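Here is a short report on a single chain. Sequence and coordinates come first, then the notes.

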Amino acid sequence: NIATCGGCYEEERICAIGETCTVTCSGYNACYGMTLDATSAAHLDLTCSGTNACRGMTLRGPSDGPLALTCSGADACYGMTVHAPPAPHNVTVDCGGGGGSTCNGMVVHAEAAAGLRFTCGTTGDSCGLNAKLFCPNCDHDAEGGCVAGAGSPAAGGGGGGGGDAGF
């Protein structure tokens, strides 16, 4: 369990095996470019608050547990790459608070997850601009959007779209 990271700039951190991993990256560049490996954790709760708090982070979610990510502040999760847990687990990404571009350019790989919920509720512009969401039960194009095919909404398959694929 990693409690708080205020100076984890470009470091690699690994969550403990079988435990809930709760990580808070708070402040300017707190976890900028960090790699967080939670593949052995039972559950991951990551909070990124502040300008560039988790910008450019690579996050590998639990192999057998849910993942919850909260981003707030200007560019807090800009350019982050998230590898979500597989089904039967869900991933939740909540981009909120003040500032613009909170989750701009984020890439979420949730193809194997049971569900993906991605929300933007910031006071600034461009919250999820250029975000690429690879949703469960969806045929994807290179940009993360659904294309017509088995499982995609365009084909009537009921999978998630390129936005909120709530569970």
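## Strand 7 and its partners

Leu67 in strand 7 stands opposite Val91 in strand 9. The model is a predicted one. Strand 7 and strand 9 (residues 90-97) run parallel and share six bridges. Strand 7 also pairs with strand 5 (residues 43-49), again in the parallel sense and again through six bridges. There, Leu67 faces Leu44. Leu67 thus has a named partner in strand 5, Leu44, and one in strand 9, Val91.

Which side chains of strand 7 are buried? Strand 7 covers residues 67-72, and its side chains alternate. Leu67, Leu69 and Cys71 point to one face and are buried. Ala68, Thr70 and Ser72 point to the other face and are not buried. Such alternation between the two faces of the sheet is what a regular strand shows in general.

## The six-stranded sheet

An open sheet holds six strands in the order 2-4-6-8-10-12, and the pairing is parallel. Its edges are strand 2 (12-14) and strand 12 (132-134). Each edge strand has a single partner strand, so one side of each lacks a neighbour in the sheet. Direction ignored, neighbouring strands here are turned against each other by 5° on average.

One pairing within this order can be followed residue by residue. Strand 8 (residues 81-83) and strand 10 (residues 107-109) run parallel and are joined by three bridges. Val82 has Val108 of strand 10 as its bridge partner.

## Disulfides

How many disulfides does the model contain? The count is six. A disulfide is a covalent bond between the sulfur atoms of two cysteines. Three of the pairs are described here, in sequence order.

Cys15 and Cys21 form one, with the sulfur atoms 2.0 Å apart. The torsion about its S-S bond is about -60°, so this disulfide is left-handed. Both Cys15 and Cys21 are buried. Cys48 is joined to Cys54, also with an S to S distance of 2.0 Å. Here the torsion is about -90°, which makes the Cys48 and Cys54 disulfide left-handed. Cys48 has a relative accessible area of 0% and is therefore buried. Cys54 is buried as well, at 0%.

Cys95 pairs with Cys103, and their sulfur atoms lie 1.9 Å apart. A torsion of about -100° about the S-S bond of Cys95 and Cys103 again gives a left-handed disulfide. Cys95 is at 0% relative accessibility, so Cys95 counts as buried. Cys103 is at 0% too and counts as buried. One further cysteine can be noted: Cys135 counts as buried at 1% relative accessibility.

## Salt bridges

Side chains of opposite charge can pair when their charged atoms come close. The model has four salt bridges. One of them links Arg13 and Glu11, at 2.7 Å from N to O. Are these two residues buried, exposed or partly exposed? Arg13 is partly exposed, at 26% relative accessibility. Glu11 is also partly exposed, at 30%.

Arg60 forms a salt bridge with Asp37, and the closest N and O atoms are 3.9 Å apart. Arg60 sits in strand 6 (residues 58-60) and Asp37 in strand 4 (residues 35-37), so the pair ties together parts that are 23 residues apart in sequence. Arg60 is partly exposed, with 28% relative accessibility. Asp37 has a relative accessible area of 14% and is buried, because buried means under 20%. A network of salt bridges links Asp37 and Arg60 with Glu12.

## A link between loops

Where does the pair of Asp75 and Arg55 lie? The closest N and O atoms of this salt bridge are 3.7 Å apart. Asp75 is in the loop between strand 7 and strand 8, while Arg55 is in the loop between strand 5 and strand 6. The two residues are 20 residues apart, and the pair links distant parts of the chain. Arg55 has a relative accessible area of 23% and is partly exposed.

Definitions and conventions
Residues are numbered from 1 along each chain as its sequence is written. This is a predicted model: local features need pLDDT of at least 70, side-chain atom pairs count only at pLDDT 80 or more; totals for chains, interfaces and linings use all residues. Side-chain values use heavy atoms; hydrogens and water are left out. A disulfide is a pair of cysteine sulfur atoms within 2.5 Å. Buried means under 20% relative accessible area, exposed over 50%, partly exposed in between (1.4 Å probe, protein chains only). Two strands pair if DSSP finds at least two bridges between them. Helices (H or I, at least four residues) and strands (E, at least two) are DSSP runs, numbered from the N terminus. Axes are lines fitted to C-alpha atoms, for helices over the stretch in contact, and angles run from 0 to 180 degrees between N-to-C directions. A salt bridge is a side-chain nitrogen of Lys or Arg within 4 Å of a carboxyl oxygen of Asp or Glu.
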